[in-house]
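Here's a quick briefing for anyone meeting this structure for the first time. Take a look at it, then read on.

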Amino acid sequence: MRLLVLIAEVQHDPELLQMYVEGMWQRVFKRLEGSLKAGTEQGALRQMEPAVVARTFLAMNMGLLIIYQLEGEGGVLRKTPPDRIAAEVAEVFLNGVRKK
């Protein structure tokens, strides 16, 4: 639930928002954007807007984390092995960006 509290707090505290976004998320976005650009240049991924796709991928993962927390101990995600969740996330994401 700490993530939900943090999300609520950054909406009302510009300094915390700046620290959170610039301190962590910008580095994550840049790294993922670079990987997506490299995949496109190597021909493994289709042409895309790396900045948008990076945020889409992270949003999917953040959503899963929120659901994981909200569902609690009896939730599907807690009963599913982490490697299975990772495989499903990768499959869903890559089917949307894999070159056809």
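**The chain at a glance**

Buried residues (under 20% relative accessible area with a 1.4 Å probe, protein chains only) make up 22% of the 100 residues in the chain. This is a predicted model, so local features need pLDDT of at least 70 and side-chain atom pairs count only at pLDDT 80 or more, while totals for chains, interfaces and linings use all residues. Residues are numbered from 1 along each chain as its sequence is written, and side-chain values use heavy atoms, leaving out hydrogens and water.

**Fold and overall shape**

- You'll find five helices and zero strands here (DSSP runs: H or I of at least four residues for helices, E of at least two for strands).
- The radius of gyration, taken over C-alpha atoms, is 16 Å, well over the 13 Å from the globule rule (2.2 Å times the number of residues to the power 0.38) for 100 residues, so the chain is more spread out than a compact globule.
- Its C-alpha trace spans about 40 × 35 × 15 Å along the principal axes.

**Where α2 meets α3**

- The axes (lines fitted to C-alpha atoms over the stretch in contact, with angles from 0 to 180 degrees between N-to-C directions) of helix α2 (residues 14-41) and helix α3 (residues 50-71) come within 9 Å and cross at roughly 115°.
- On the α2 side, the residues in contact (heavy atoms within 4.5 Å) include Tyr20, Trp25 and Phe29, and on the α3 side they include Pro50, Phe57 and Met62.

Conventions
Buried < 20%, exposed > 50% of the residue type's maximum accessible area, 1.4 Å probe, protein only.
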